[in-house]
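Grab your viewer and work through these exercises. Each one sets a task, then walks through a solution.

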Amino acid sequence: MKITIPDIPDEGLSLDIDEKISPGDGSGVAPVSAHLELQKTVQEIIISGRIKTRIKFECSRCLKEFDRDMDIPVSVVYHPIEDMRAERHELKDDEMDMGFYKGDVLDLQDVLKEQVLLSMQMKPLCDENCRGICPKCGKDLNVDVCNCERKETDSRLEVLKNLLEKRKE
Ligand SMILES: [Zn+2]
Ligand SMILES: [Zn+2]
């Protein structure tokens, strides 16, 4: 969905969008529904709202794929691309993300993609209690147990213990 910037009315634009996007990391197509408010200043377009989608993640502990519903808050200011070249922009509000538009058109598909990609940069777990994969035999410890010997000690504690023992000597 492309927005022609001069067509954004002064009172702003309120949009409900249902699209399918591919975040571009091989995780396929995600259906996205979003509510976005667009406000235009002289040079900038301020977009706020929410994106709801369902994304395929890979658990960072056990590498299993899982889907998760996401509710992503959106708060981003779009500047004309000339601003980036001239480095004119000032970061007024670091709560907000920043983007750039070129010419008279803002492609909301790109806006959605960017926001979804940003939210995917976290390291997800399939479950908070995921036991992960045994580093020795590679078994998924959520479905099976193995007999490998595992040291459950915290390496920082280990260092401390060694220091204390040295003192005793
Ligand atoms: Zn997992
Ligand atoms: Zn094992």
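**Exercise 1.** Find what the side chain of Glu19 has for polar company, and say which backbone nitrogen lies 3.2 Å from one of its polar atoms.

*Solution.* Keep in mind that we're working on a predicted model.
- Step 1: start with the polar atoms. The backbone nitrogen is that of Met1, 3.2 Å from a polar atom of the Glu19 side chain.
- Step 2: place the residue. Glu19 sits in strand S2, which covers residues 13–21.
- Step 3: look for a charge partner. Glu19 is buried and has no salt bridge. The nearest side chain of opposite charge belongs to Lys113, 9.3 Å away. With a salt-bridge cut-off of 4 Å, that pair doesn't qualify.
- Step 4: list the neighbours. Leaving out residues up to four places away in sequence, Glu19 touches Met1, Ala30, Pro31, Val32 and Gln109. Met1 therefore turns up as a contact under the 4.5 Å heavy-atom cut-off, as well as through its backbone nitrogen.

**Exercise 2.** Count the salt bridges and work out which parts of the chain they link.

*Solution.* Side chains of opposite charge can pair when their charged atoms come close.
- Step 1: get the total. The count comes to 3 salt bridges.
- Step 2: take Asp71 and Arg50, whose closest N and O atoms are 2.8 Å apart. Asp71 lies in strand S5 (residues 65–80) and Arg50 in strand S4, so this pair ties together parts that are 21 residues apart in sequence. Asp71 is partly exposed at 41% relative accessibility, and Arg50 is partly exposed at 41% too.
- Step 3: go on to Arg54 and Asp69, with closest N and O atoms 2.8 Å apart. Arg54 is in strand S4 and Asp69 in strand S5, so here the linked parts are 15 residues apart in sequence. Arg54, at 40% relative accessibility, is partly exposed. Asp69 has a relative accessible area of 55% and counts as exposed because the cut-off for that class is over 50%.
- Step 4: finish with Lys139 and Asp144, where the closest N and O atoms are 3.9 Å apart. Since the rule asks for within 4 Å, that pair makes the list. Lys139 is partly exposed at 35%, and so is Asp144 at 36%.

**Exercise 3.** Which residues coordinate the zinc ion (ligand 1), and what geometry do they give?

*Solution.*
- Step 1: identify the donors. They are the SG atoms of Cys59, Cys62, Cys126 and Cys130, at 2.3 Å.
- Step 2: check the angles. The 4 donor atoms subtend 107 to 112°, and the site is tetrahedral. For reference, the ideal tetrahedral angle is 109.5 degrees.
- Step 3: read the spacing along the chain, which is C-x2-C-x63-C-x3-C.
- Step 4: check burial for one of the donors. Cys130 is buried, with a relative accessible area of 5%.

**Exercise 4.** Do the same for the zinc ion (ligand 2): which residues coordinate it?

*Solution.*
- Step 1: the donors are Cys134, Cys137, Cys146 and Cys148, each through SG, at 2.3 Å.
- Step 2: angles of 106 to 112° among the 4 donor atoms make the arrangement tetrahedral.
- Step 3: the donor spacing reads C-x2-C-x8-C-x1-C.
- Step 4: compare two donors. Cys134 is buried at 2% relative accessible area, whereas Cys137 is partly exposed at 41%.

**Exercise 5.** What surrounds Glu58, and is the residue buried or partly exposed?

*Solution.*
- Step 1: locate Glu58 in strand S4, residues 45–58.
- Step 2: check accessibility. At 48%, Glu58 counts as partly exposed.
- Step 3: list contacts. Beyond residues up to four places away in sequence, Glu58 touches Leu63, Lys64, Glu65, Phe66 and Pro124.
- Step 4: look further along the chain. Leu125 is 67 residues away in sequence, yet the C-alpha atoms of Glu58 and Leu125 are 7.7 Å apart.

**Exercise 6.** Zoom out and describe the whole chain: how many helices and strands does it have?

*Solution.*
- Step 1: the chain has 3 helices and 7 strands.
- Step 2: from the N terminus, the order is β-β-β-β-β-α-β-β-α-α.
- Step 3: of the 169 residues, 33% are buried.
- Step 4: among contacts with a separation of 6 or more, 48% join residues 24 or more positions apart.

Technical notes. Residues are numbered from 1 along each chain as its sequence is written. Chains are lettered from A and ligands numbered from 1 in the order in which they are written. This is a predicted model: local features need pLDDT of at least 70, side-chain atom pairs count only at pLDDT 80 or more; totals for chains, interfaces and linings use all residues. Side-chain values use heavy atoms; hydrogens and water are left out. Helices (H or I, at least four residues) and strands (E, at least two) are DSSP runs, numbered from the N terminus. Buried means under 20% relative accessible area, exposed over 50%, partly exposed in between (1.4 Å probe, protein chains only). Donors are N, O and S atoms within 2.8 Å of the metal (3.2 Å for Na, K and Ca); water is not among the atoms, so sites may look incomplete. Four donors count as tetrahedral if all angles lie between 85 and 135 degrees; four count as square planar and six as octahedral if opposite donors are over 155 degrees apart and all others between 65 and 115; anything else is irregular. Lys and Arg count as positive and Asp and Glu as negative; His and the chain ends are not counted. A polar contact is a pair of N or O atoms within 3.5 Å; within protein, one must be able to donate a hydrogen and the other to accept it, and residues adjacent in sequence count only if both atoms are side-chain atoms.
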